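Work through the two exercises below with the model open. Each task is followed by a solution in steps.

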2 protein chains.
Amino acid sequence: MTDTTGIATVTEAARRAGAAAEGFGALAPAARRDLLDACAAALEAAADGIVAAAADESGLAPDALRGEMARTTGQLRLLGAHVAAGRHAPERVSAGVAAGSADVRTVRVAVGPVAVFAASNFPLAFGVAGGDTAAALAAGCSVVAKAHPAQPETGRAVARALGGVLPEGVFSLVEGGADVSLALVRAAEIRAVGFTGSLTGGRALMDAAAARPEPIPVYAEMGSLNPVFVLPGAAGDEEWAAALAGSVTRAMGQLCTKPGLVVLPETPEGEKLAEALAQAVAAAPSHRMLTAPMARAHEAWGEAARALPDAAVTAAPGAPGPFAVRVPATRLTGELLDEHFGPAVVLATAPASSYAALARTLPGSLTATLLGTPADEPGAAPLLRALALRAGRVVWNGVPTGVAVCEAMVHGGPWPATSAPWSTSVGTAAVDRFTRPVALQGVPRGLLGGFAG
Amino acid sequence: MTDTTGIATVTEAARRAGAAAEGFGALAPAARRDLLDACAAALEAAADGIVAAAADESGLAPDALRGEMARTTGQLRLLGAHVAAGRHAPERVSAGVAAGSADVRTVRVAVGPVAVFAASNFPLAFGVAGGDTAAALAAGCSVVAKAHPAQPETGRAVARALGGVLPEGVFSLVEGGADVSLALVRAAEIRAVGFTGSLTGGRALMDAAAARPEPIPVYAEMGSLNPVFVLPGAAGDEEWAAALAGSVTRAMGQLCTKPGLVVLPETPEGEKLAEALAQAVAAAPSHRMLTAPMARAHEAWGEAARALPDAAVTAAPGAPGPFAVRVPATRLTGELLDEHFGPAVVLATAPASSYAALARTLPGSLTATLLGTPADEPGAAPLLRALALRAGRVVWNGVPTGVAVCEAMVHGGPWPATSAPWSTSVGTAAVDRFTRPVALQGVPRGLLGGFAG
């Protein structure tokens with residue numbers, strides 16, 4: 001494999017992606033599906049090496065990474081099948097409406113080369129062959145993917161597998177730091193950007209994209225609070241303590257949908273559930289975090305939380321592991337409403353009658369969750385509506401971690417959760433980010449064949 | 001009517017739009033349809049005064065403005081009917097796919113207050129109650145509309161009509177210069193921007209929106225070349241000279257879809273058609289332009305074109321009116337590929353075999369047009385594909401001016417034609433700009449009623 005590090009390689013990769021774009025975009029959707037299937041097969045053939053590299057570089061469990069590999073190959077195949085069936089371009093024809101009684105017909109074309117930034121917390125499913133790459137390839141876009149700096153071997157192993165099956169220039173890997181990231185976003189050939197990571201990182205890419213001579217969209221998934229509201233009826237169900245603690249601490253709290261805030265009713269049941277949840281979080285198993293800076297940030301948040309007035313921190317003794325921060329609901333402002341990556345959660349009790357008003361003070365999130373019994377349903381509509389206006393997905397009686405890859409999924413949401421709340425990074429609708437509509441007016445039937453999508 | 005001028009009124013209008021947003025967004029789609037119908041009826045009742053103001057301020061013919069009023073009220077009613085029928089939120093359910101066999105269902109919610117900037121070239125259809133306002137209201141978003149500075153009385157007359165029927169805060173008018181525009185884009189309550197105008201103006205709003213603490217999308221429709229390619233068979237049809245000249249000079253060439261470049265075959269028929277087109281453009285009737293700066297820019301472009309090497313300008317004698325600039329195809333770079341607002345067109349002949357390669361050098365446009373006979377069809381696929389990659393709408397055997405308001409329309413396209421090539425400002429799909437998807441996971445049926453769209 002050639003060297004993939006540095007700005008010169010970005011220029012060259014973008015040039016190759018530009019040269020490949022029109023030919024790849026003109027492939028029939030079934031041909032793109034076949035290539036995506038071949039990518040999935042190639043990843044499976046190389047799975048042992050890829051999983052070993054990812055486990056070594058991420059600290060995540062090999063079993064979890066094997067599951068993630070299955071999700072990664074599954075979404076490559078799902079998105080390929082989606083476009084091959086034409087479901088990304090449903091027929092839209094306005095017959096005889098234009099001058100001369102011409103038909104107007106909407107088709108979809110690929111937007112052109114896409115820059116994809118691999119995330120560290122899902123080294124495979126959001127990695128260089130993760131959801132953004134699968135969506136871009138399914139859409140007919142060539143891809144320049146940047147490996148996460150903390151996981152270079154994982155990125156290279158995945159790229160080797162794809163390089164064996166995709167046409168020249170359709171997929172390239174680049175590596176490097178912030179200078180390489182910015183050079184990639186600024187490369188003239190790049191037409192869109194997919195990113196999963198921090199708010200700081202996403203904003204830097206957005207600013208660079210907005211300042212280009214020709215601005216391009218950045219689809220950035222960033223920080224998310226993921227609030228959970230426990231309705232009064234559900235507070236008596238002690239099983240939620242274990243379920244929520246598992247959601248907070250799974251993968252060391254390094255999931256973008258980790259619940260960062262749980263609001264419970266100001267009732268004896270609510271107080272009891274809050275205490276049980278705090279204990280369950282503190283008792284959860286601990287392992288190393290993805291990177292040293294993330295570990296330091298988690299530790300710093302623990303120290304800051306302990307210094308907060310009126311706050312009570314529940315944690316296991318010793319090294320910074322999972323912890324819960326209990327605060328009065330009236331304190332829910334500022335950094336208590338920021339995302340804190342890692343196995344930590346903020347707990348607050350409040351009168352259930354104040355939930356909707358409290359929800360209206362929350363920032364945008366990928367998810368919001370309500371836990372309730374049938375008895376809670378009649379009164380839940382205002383809270384549900386308020387949460388839907390601040391999230392990309394609203395969960396009833398479940399935990400927000402675990403995102404189903406399906407047609408109806410929305411993994412998105414208002415700022416700061418994402419930069420593009422009109423779209424999703426997970427599910428078949430992710431393909432829509434990388435195509436755009438074109439109206440064909442009066443075009444003869446014999447010439448429509450080139451626009452199968 | 002209260003004063004609508006200045007930055008203080010922007011702050012107040014944005015505050016009122018923010019206060020009204022959640023309630024208006026929660027209205028059932030049929031209730032929004034009824035309000036849009038009432039807006040249309042109110043505009044019709046006030047039509048005489050509005051048309052008189054618009055004719056006085058724009059210089060456009062009263063007959064054309066009456067047609068535009070019909071289009072304006074028609075699109076208010078069409079978009080209302082679209083959402084009332086639920087067509088903006090087609091059912092998308094993935095049954096039993098999430099944890100606990102929960103259903104995932106995509107619904108759509110309004111994004112919140114929208115800033116709309118009225119254009120001058122369609123004082124009504126792209127004015128303060130034009131397409132962007134209709135789409136935003138249909139989506140359930142409150143609107144703060146800024147009147148075009150050259151057409152204040154038109155904006156006020158339209159706003160008076162709407163003010164009589166829409167709930168408090170759902171629609172506000174503001175007026176002023178660039179400082180007011182930027183203040184509106186920066187107002188914290190505003191969640192999206194709709195703009196039709198110049199590249200300079202659109203870019204300024206985009207830069208301000210991108211620099212906000214919470215960036216918001218700007219749907220800007222800006223400059224467009226709108227190339228036309230005459231295929232060899234069609235060059236013998238002299239009727240295209242009159243049709244194209246009409247398209248170039250209609251409304252003094254001040255339409256965003258005005259053809260700015262016509263490429264003809266390097267054949268005797270092509271040369272003859274080019275000459276006939278140049279003569280027809282020069283002979284077209286002339287009237288004053290929308291604003292003095294636009295008239296000066298048109299005059300300056302005429303002087304610059306005359307000074308170009310190898311260029312031949314065909315124009316009527318006297319004051320700057322319509323003109324055609326004939327250049328060799330090899331000169332088609334730089335300012336010859338920029339939009340020039342006004343009744344002017346660039347003509348070039350080239351071998352038809354070079355058309356697709358030439359198309360690949362063109363900037364993004366709202367439209368691209370091919371004129372051809374059945375004999376031209378077999379060879380036209382590469383050119384058609386190349387143009388579809390650079391335009392939002394491709395017209396076969398028609399003129400690009402005249403945009404049908406229908407389901408399948410795309411009035412959009414790659415930079416610099418628009419800032420958001422994934423969307424359209426005309427047609428029912430325009431509503432999609434101002435809603436966003438939310439996935440409801442496991443939400444009980446009894447709670448879905450609040451998400452009819």
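**Exercise 1.** State how much area domain 1 of chain A and domain 2 of chain A bury between them, and describe the contact in this predicted model.

Solution.
- Start with the bounds: domain 1 of chain A covers 7-222 + 418-451, and domain 2 covers 227-396.
- The C-alpha centres of these two domains lie 33 Å apart. To the contact, domain 1 of chain A contributes 14 residues and domain 2 of chain A contributes 13 residues.
- Together the two domains bury about 930 Å², with 60% of it on carbon and sulfur atoms.
- Next, look for charge pairs: with a cut-off of 4 Å, zero salt bridges are found across this interface.
- Polar contacts do occur, in two residue pairs, both at pLDDT 80 or more.
- On the side of domain 1 of chain A that touches domain 2 of chain A, helix 3 (residues 47-58) gives the most, with four residues.
- That side of domain 1 of chain A is made up of five nonpolar, six polar and three charged residues.

**Exercise 2.** Find the rotation and the shift that superpose chain A on chain B, and name the relation.

Solution.
- Two copies of a chain are related by a rotation about an axis and a shift along it.
- Here the rotation is 180 degrees and the shift along the axis is 0.0 Å, with an RMSD of 0.0 Å.
- The relation is therefore that of a two-fold axis.
- To locate the axis from chain A, go to Ala210(A): its C-alpha is the nearest in that chain, 3.3 Å from the axis.
- Finally, compare the contact surfaces: 100% of the contact residues of chain A recur in chain B, so the same surface serves both copies.

Note on methods: Residues are numbered from 1 along each chain as its sequence is written. Chains are lettered from A and ligands numbered from 1 in the order in which they are written. This is a predicted model: local features need pLDDT of at least 70, side-chain atom pairs count only at pLDDT 80 or more; totals for chains, interfaces and linings use all residues. Side-chain values use heavy atoms; hydrogens and water are left out. Copies are superposed by least squares on the C-alpha atoms of residues with pLDDT of at least 70 in both. Contact means heavy atoms within 4.5 Å. Domain bounds come from an automatic or database domain assignment. Buried area is the accessible area (1.4 Å probe) that two parts lose on being put together, summed over both. A salt bridge is a side-chain nitrogen of Lys or Arg within 4 Å of a carboxyl oxygen of Asp or Glu. A polar contact is a pair of N or O atoms within 3.5 Å; within protein, one must be able to donate a hydrogen and the other to accept it, and residues adjacent in sequence count only if both atoms are side-chain atoms. Helices (H or I, at least four residues) and strands (E, at least two) are DSSP runs, numbered from the N terminus. Ala, Val, Leu, Ile, Met, Phe, Trp, Tyr, Cys and Pro count as nonpolar, Asp, Glu, Lys and Arg as charged, and the others, Gly among them, as polar.
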